[in-house]
Structure formats: C-alpha cells, structure tokens
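User: Please examine the structure shown below and justify the terms used to describe it.

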Number of protein chains: 2
Amino acid sequence: MEPKSPKSDLPTLEDVARAAGVSTATVSRTLNSPDQVSEGTRSRVMATVRALRYSPNFGARALAAKRTNTYGAVIPTMENAIFARGLEAFQKVLVANGATMLVASSSYDPAIEEDQIRTMVARGADGILLIGTQRDPEIYDFLKERHIPVVIAWTGTGVTALSCVGFDNEDAAGKLAAKAIGLGHRRIAFISAYTRNNDRARDRVAGVRHALATAGLDPCDMPLLETKYSIQCGRDAFVELMHARPRPTLVMCGNDVLAAGAVRAAHELGLDVPADVSITGFDDIELATVISPALTTVHVPHRKMGGLAAEALLAQVRDNSAPKQTTLETHIVVRQSLAPPGSRTNEMAD
Amino acid sequence: MEPKSPKSDLPTLEDVARAAGVSTATVSRTLNSPDQVSEGTRSRVMATVRALRYSPNFGARALAAKRTNTYGAVIPTMENAIFARGLEAFQKVLVANGATMLVASSSYDPAIEEDQIRTMVARGADGILLIGTQRDPEIYDFLKERHIPVVIAWTGTGVTALSCVGFDNEDAAGKLAAKAIGLGHRRIAFISAYTRNNDRARDRVAGVRHALATAGLDPCDMPLLETKYSIQCGRDAFVELMHARPRPTLVMCGNDVLAAGAVRAAHELGLDVPADVSITGFDDIELATVISPALTTVHVPHRKMGGLAAEALLAQVRDNSAPKQTTLETHIVVRQSLAPPGSRTNEMAD
DNA sequence: TTGCCATTTGTAAGCGCTTACATCGCAAAT
DNA sequence: ATTTGCGATGTAAGCGCTTACAAATGGCAA
C-alpha cells in the first residue's frame, strides 16, 4: 500500500477509480457521457462518487477539456432594473443548462468594458454576453481571434457576423413619437441618456427625429438634453427644458428612470401631467406603474431577451451552430402620462 | 482528423519562455511575483508577453495554483434593487483587486440556494457571498470542510464563526415602530415578505412586535400579512388589511416595494396617505422617493455592505485572516408617508 | 583567496482531468 | 470453427501552469 497524499485533500478521480475498481477513464466517462458506460459499471461508479463525496476539480477539468462551462456577461450596470432583469433571465437559462455566469459591469465606460471583456476571456469564459454593438473593432477582432462566441443584446440593428437578440430601438421610439404627433403634439422635447457610447440611446433619438420629419416637422427644432441615468438627472433636465417659451407640450424620455424624474419635476413646478405637459418613458419597468400619473412607455421584453441570449450562446458553443440574429417585438403601453396637448400649456407660464 | 478545438493556437508560457530566452519558471515569476525577477529580465519577458499577446490559460493556472481568483455571490434575485446595488458594489471591489465574480440567484428557494452554493464551490470559487444566515447546517459543514471562506451579508445577528457584514434588522424596524408609536399610532398592521426562509424579514417583524410590547401594547394584536416581493402583492395585502374595523392607522411594510404597492392601493381606495393612513417602508431604494407621498423608511447602506463584504472575503482568502463581524448603522429617513394618526381615519369607513 | 550568503534563474515534478488509441470479450456472420 | 464488428474498458499522453529545489552568479567579509 502506497501512502497517499500527505494531507487530507479532496478525493480525486483516481481515488474514485481505485475505490470502484475501474480506470480513471471509466469514471470520467460515467460522469461526462454516461451512455458510453454499461449500466452496471455506471451505478457502481456513481455509488462510489457519492460515497466519497467526490466533486471534479474545476481547474483540471478546464485544462483538459478546454471548456469551463462558464459564460460571461458584461453589462453597463446591475443597478439598472432593465439589465438586472435581463441578467436574471440569462442566468436562469444558463443554470438550467448546467452552466455558470460571470458578471462584470462597465459603468458605461468603453475602456472598462474592454478590460472586462478581456478579463472574461482570460477567465476562460466559453461565451460572452454584450450589450449594444458599439465598441472598438479591435475588441471584436480579439474575440474572433480567440474564437469566443458572443451574443449582443438590446439592439437588433447592424449586427451580422455575431449572434444578437434585440429589438429595434429606433423603430420603437419612432412609433411612440408618431403616436404623440397623432395626438396633436408639435413641440416635443427629448431627454436622453448620453448617446456618445450608447447606440441604444442614439437610436431612440433618431427614431423620434425620423417621426418628426415624417410628420413634416423639423427634427432640428427638437430640444434635446443628454444626461446621466438617474431620477435626479431626469428631474434637472426637465426643469431646464421647461424654461423654453413656448414650452414643449411633450417631453419624451429615453428611459423610464429619466421619465420618473421628469414627472417629479413637473409636480414640483406645479405642472399637471398630462394636462399641462405630457411625458413618455421607454422600457416599461415597474417604476413606470407606481408613479402618478403612470407612464405611457415602450414595453421591452427584457427577460425574454436575456433568456434567448443565453440560449443563443449555448447553441453556438455546444452545437457549434452559426450566429443567429433575433429581433423581438416591442409595443407601446398606454397609461396616463401622455394625452393630447392641453389648453393650459401656455396660460400658466410665469 | 483536425481537432477543431477552438482556443488551440494560443501562445503558451513555454512559447514566451522560448522567445524571451528564459525558462518557463522565470516567465511565471515575472507574471506572478515580479519582484523576484531582475529588472532586465522582467522587461524583456514583459515585452515578449506583449509581442505574443500572451494570456495565461485559466484552467492550467487554477490547477497548478489551486486558486481561481473568482468569488461567488449567491443571492435571492438580481431583480431586487437592494441586491443589485449590493452586488454591483461587491463586484467593483473584486475587480479593483483583480478578481472576478460569479453570480447565481436562488429565487428565495433554500434547495436552489444550496445547489448554487455547491455549484460555486465546484466552479472553484475562492470565497462566497451569502445573504442572511438561515440555511441547512449541512451546507455550512460542507463549506467548512472545503475550507471555503464565506461572508454573510444583510444581517449581523447571530453570526460568530463566519465573516459577516450586516445590520440589525430587528433593531432598525423596532426603532421605526417606536417612532410611529410616539406619534400616536396604536393600531399598526404589518405587511411582510414571507418569513419562512427569510431571517431578515422575520427580524423586522420581531422588531416591531418588540416595540409594541415595550409601549405596553399587545404584539399579538398586530395584523400581519406575509406575501411575495412585488408591488402588486403589497397592493393586495394592503387592501385586505383595510377591511378591518377599526382600520389600522399605520401599515408598516417589510420593504419599500411592498410599501409602494400599499401606497398605490391606498390611492385606489380613495384614502389619503398619511392623513387617512400612514405607511412605512424599509430599505430606502429610489422607489421610495418617486412615489407620492414619498416613503418614510429605514435607510440601509446596501452599497457599503456589498463593498465591505468583498473586502472581508478578500482579506480572508489573501491574508488568511480570521472571520470578522461588521455591523453597519441604519437610520430612519423621514419623508411624507408617516404622520400622526389623522382625524378622518374612522369617519370615512363605509 | 576562500567561504558564505543573497539573489537570480533553471529543472522538472506534479496539479487532476479528458480522450485518442489499444485491448478485450463476445455475439453475429461466414 | 474462424472471422468480423462493436460495445465496454484500460492505458497513458498530454493540457499549461506553479513551485520546491537545485544551480549558478556575484558581492563581500574573513
């Protein structure tokens, strides 16, 4: 009897093999492809595995199999309900398929994002979830060179070589604007998240501009304020926009959080929503339903997007299938914050 | 046959060593403990690393070093702003220290949580973040046996052998209740998250009961409804509680989300908050500030908690330091939803 | 000069697992 | 009876890295 490793380490594949009276290959096979092992051997090995409370060593497995069963998600921030929702769904699907999720947030900073992506790859992620398409081409090359499957979420436009699960931000925003224009709004202002590194935000603005143009209005007349993602910022932006004379009859917001801030600001200014000014959001998170008036907004299927993204990624990795583009439908949710422009709009000034 | 193994042609440590004219050990050392290598060699090796765009293989490194630099977080759900906040902070500190975060959510299900914990360990997590203390002792044994450092967040009571970064849920809820009682409230009802597997929720209820008793009231008289974590559920619970006669003058809620639902229900019932009925929350998430009336609630330093949790874990792993218990302070945030019981409380019945 | 020590670098033994390939039985086919 | 084929199992070669230990080098006190 050879003495084993001096310290009481965890049982290894070899320990199991010895105890079960088979080779390590057989143990490995019963764990990874049970159908290649005969019924009898399989149950004997499994019993031993349980008896020894064996659990495969992650590093060794990753090294030998060149697979970690781990997927990375790089998102702007978890503190944004839309990403939290999507991530939760992404993670659920991963777990249901025996995989695990790595998460990193970039705070909307391209440099940090790039760093995080490289870290994910270095950590052996088998695939990566990214938000939006806009980023340095170099990082795409890096990913391609490393053969790391990628799925882009939150946008569906302009993606060809990669998988994506998104929706048409421009079209959705355009439709909401068109609806508002149909209600009689002509003086429309927009509060957007910073568009510099955010293709979704940019697309939404573009959609509204396009709707304006289609209705014969000049898109350049639309006051546009860009700001950070927070209720307070939405509030401040709204106050500033309300200084214009004549005032806008509608303030569209790039997301529900900014819209919530706008609604609050309106209250503070003594303006009634929607009688004095209409406000719209985008995303349809719970927040949109609890404020008063509740927000008319665009519903985005965040959970579905996250879930499908995981499936797309898994398919690429496990079945080595080709990238696939999926576009999801959005729809306008009509609540109380949008109404035809009211009569009090100008009289109440000052 | 050509093995289509994806990441096959990446440079290895050995490639770098050869190109730099040194041994693999030297390259490894330059990467992991640069101060053990002479200036000249170090720069030469680093240059080669950059030239070859070398990146260490994660599996090999984990196997040889028995470390992954990866930490797991097992939380109830990311769709809850309080956990999202905490996680974001946790992750940031990890990244700042060169580590990566694995995330799994349990949906408040102990069986799933246990599974996720085991998965994290199997995935080679160097440490794990857990929410609350209540779970099968067996899983704690498992963690101890595997020598996996753990940090418990969200509660600070009753933890001794493990690190924790939390606050006193019972005390905080008790103080808020005491304040309400001081304002004159006697008929207090409570809407709680399910307490069965949630020690935080249970502690909050206990705190209120304790305050009641201290004020000479019978804690058993307090109507208590347990429900799921959602605005809608808070709404339904509130409606049900309002059927009582005489009606409660204050409905305390175990968290802000339930409170937001309660406020909405009050509006629907034509009740003014706080004139007809007061409502309080717990957590102080943004939601508390955007609804009207804004919620009087307990502020919990979620981000700080997440950040400190990461530091506690890192300290245990890197410095092999002993578990440490940290208790954070909470404080009551006074807004508009709590006021002395009003005169209309009973008259409006019927 | 010699000896000793500190510093720098090299050698090589694993770490625990997967998997290509070899082997072995045994039933079906010839 | 011999051959063939195939499923089940074993053998052993790595996978790419870390690190204990050995070796080489050079400075300096004796």
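**Helix packing and the DNA surface**

Analyst: In this predicted model, the axes of H2(B) and helix H3 (residues 39-52) of chain B come within 10 Å and cross at roughly 90°.

User: Why are H2(B) and H3(B) called roughly perpendicular to each other?

Analyst: The crossing angle is roughly 90°, and angles of 65 to 115 degrees count as roughly perpendicular. H2(B) and H3(B) are therefore described by that term.

User: What makes the contact between H2(B) and H3(B)?

Analyst: H2(B) contributes Thr26(B), Val27(B), Thr30(B) and Leu31(B), while H3(B) contributes Thr41(B), Arg42(B), Val45(B), Met46(B) and Val49(B). By class, five of these residues are nonpolar, three polar and one charged.

User: Which residues are the closest to DNA strand C?

Analyst: They are Leu13(A), Ser28(A), Tyr54(A), Thr26(B) and Thr41(B), among 27 residues that surround the strand. Of the atoms of DNA strand C within 4 Å of the protein, 61% belong to sugar and phosphate.

User: What makes the approach of Asn32(A) to a phosphate oxygen of DNA strand C a polar contact?

Analyst: The cut-off for a pair of N or O atoms is 3.5 Å. An N or O atom in the side chain of Asn32(A) is 2.9 Å from a phosphate oxygen of DNA strand C, so the pair qualifies as a polar contact. For the side chain of Ser38(B), the corresponding distance to a phosphate oxygen is 3.0 Å.

User: Which element gives the largest share of the surface near DNA strand C?

Analyst: That element is H4(A), with five residues. The surface as a whole divides into 13 nonpolar, 10 polar and four charged residues.

Conventions
Residues numbered from 1 in each chain as written. Chains lettered and ligands numbered in written order. Predicted model: local features only at pLDDT ≥ 70, side-chain atom pairs only at ≥ 80, totals over all residues. Heavy atoms only, no water. Near = heavy atom within 4 Å. Polar contact = N/O pair within 3.5 Å; in protein donor to acceptor, adjacent residues only side chain to side chain. Helix = DSSP H or I, 4+ residues; strand = E, 2+ residues; numbered from the N terminus. Nonpolar A, V, L, I, M, F, W, Y, C, P; charged D, E, K, R; others polar. Axes fitted to C-alpha atoms, helices over the stretch in contact; angles between N-to-C directions. Parallel < 35°, antiparallel > 145°, perpendicular 65-115°, else oblique. Contact = heavy atoms within 4.5 Å.
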